[in-house]
Amino acid sequence: LNTININNNNPIISFLDHTAGHQGVMSVEAYKNFLQSIIELSNKNQDINYIYKSKKSISFMKTYFDNPTDSQIIELIEQIRSSNNCWYANDYKLNSYQVCGIADLVISAPMSSVIFESLCGNKKTISYDTTSEYKNFNSILKKVPYLHAYSHVELEKLIRHWVLETDKKY
């Protein structure tokens with residue numbers, strides 16, 4: 001926590017993405033929704049700390065998302081970076097294990113190994129599939145209650161459940 005200068009005892013919610021675009025797990029639309037949710041949540045809940053970790057570096061994404069339609073992704077990331085209660089983990093060279101380790105709640109893009117890693121680390125976890133692309137995908141994870149959010153509204157309900165309604169140790 002000292003590395004990223006979080007100097008309060010407020011809950012920490014970590015968001016970890018996945019590769020987006022033609023070769024990625026997330027569509028560009030899903031990725032935009034994912035980032036917009038971080039911004040909306042951080043604006044609405046100033047008493048929560050948010051850490052965002054991208055799989056790809058910001059310099060890579062600037063070249064990858066270089067057309068006018070996709071460039072909004074970079075703008076959204078910059079909004080997150082400039083928020084008072086958000087930290088961009090890549091700026092601090094934190095890896096996904098560190099980001100999950102300091103979190104009270106881990107929110108991951110769907111189909112990511114981060115979901116399994118955070119569950120194995122006994123972390124409260126949400127798989128956030130913003131466009132319901134994997135909603136009907138057959139997976140053992142479908143049996144885990146309170147794990148899947150398919151909209152921003154569902155995400156807020158699950159965050160409320162995990163951060164406000166359950167004990168620190170579950």
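**Exercise 1. Describe how helix 1 packs against helix 3: at what angle do the two pack, and how far apart are their axes?**

Solution. Helix 1 (residues 28-44) packs against helix 3 (residues 72-82) at an angle of about 20°, and their axes are 9 Å apart. The model is predicted, so that local features need pLDDT of at least 70 and side-chain atom pairs count only at pLDDT 80 or more, while totals for chains, interfaces and linings use all residues. Residues are numbered from 1 along each chain as its sequence is written, and side-chain values use heavy atoms, with hydrogens and water left out.

Step 1, the terms. Helices (H or I, at least four residues) and strands (E, at least two) are DSSP runs numbered from the N terminus. Axes are lines fitted to C-alpha atoms, for helices over the stretch in contact, and angles run from 0 to 180 degrees between N-to-C directions.

Step 2, the orientation. Angles under 35 degrees count as roughly parallel, over 145 as roughly antiparallel, 65 to 115 as roughly perpendicular and the rest as oblique. Helix 1 and helix 3 are therefore roughly parallel to each other.

Step 3, the handedness. The crossing of helix 1 with helix 3 is left-handed. A crossing is left-handed if the near helix is turned anticlockwise from the far one by less than a right angle, and right-handed if clockwise.

Step 4, the residues. From helix 1, Val28, Tyr31, Lys32, Leu35, Gln36, Ile38 and Ile39 meet Gln72, Ile73, Leu76, Ile77, Gln79 and Ile80 of helix 3. Contact means heavy atoms within 4.5 Å. By class, the residues of this contact are 9 nonpolar, 3 polar and 1 charged. Here Ala, Val, Leu, Ile, Met, Phe, Trp, Tyr, Cys and Pro count as nonpolar, Asp, Glu, Lys and Arg as charged, and the others, Gly among them, as polar.

**Exercise 2. Determine how the axes of helix 1 and helix 6 are arranged, and which residues make the contact.**

Solution. Step 1, the geometry. The axes of helix 1 and helix 6 (residues 152-164) cross at roughly 50° and come within 11 Å. The two helices are therefore oblique to each other, and helix 1 passes helix 6 in a right-handed crossing.

Step 2, the residues. Helix 1 contributes Ser37, Glu40, Leu41 and Lys44, and helix 6 contributes His152, Leu155, Glu156 and Ile159. This contact has 3 nonpolar, 2 polar and 3 charged residues.

**Exercise 3. Lys93 and Tyr146 have a phi of which sign, and where is each residue placed?**

Solution. Step 1, the backbone. Phi of Lys93 is near 60°, a positive value in a residue other than glycine. Phi of Tyr146 is likewise positive, near 60°, in a residue other than glycine.

Step 2, the location. Lys93 lies in the loop between strand 3 (86-88) and helix 4 (96-101), and Tyr146 in the loop between strand 5 (124-128) and strand 6.

Step 3, the accessibility. Buried means under 20% relative accessible area, exposed over 50%, and partly exposed in between (1.4 Å probe, protein chains only). Lys93, with a relative accessible area of 74%, is exposed, whereas Tyr146, at 47%, counts as partly exposed.

**Exercise 4. Place the neighbours His148 and Ala149 in their strand and list what each one touches.**

Solution. Step 1, His148. This residue is in strand 6 (residues 148-149). The side chain of His148 reaches the backbone oxygen of Leu141 at 3.1 Å. Beyond four places in sequence, His148 touches Ser127, Leu141, Lys142, Glu154 and Leu158.

Step 2, Ala149. Ala149 is also found in strand 6 and counts as buried at 0% relative accessibility. Leaving aside neighbours within four places in sequence, Ala149 is in contact with Ile126, Ser127, Tyr128, Asp129, Glu154, Leu155 and Leu158.

**Exercise 5. Is Val106 buried or exposed, and what is in contact with the residue?**

Solution. Step 1, the setting. Val106 is in strand 4 (residues 105-108) and, at 0% relative accessibility, counts as buried.

Step 2, the contacts. Apart from neighbours within four places in sequence, Val106 is in contact with Ser14, Leu16, Cys100, Val114, Ser118, Lys123, Lys124, Thr125 and Ile126.

Step 3, a distance. The C-alpha atoms of Val106 and Leu76 are separated by 20 Å, with these positions 30 residues apart along the chain.

Terms used. A polar contact is a pair of N or O atoms within 3.5 Å; within protein, one must be able to donate a hydrogen and the other to accept it, and residues adjacent in sequence count only if both atoms are side-chain atoms.
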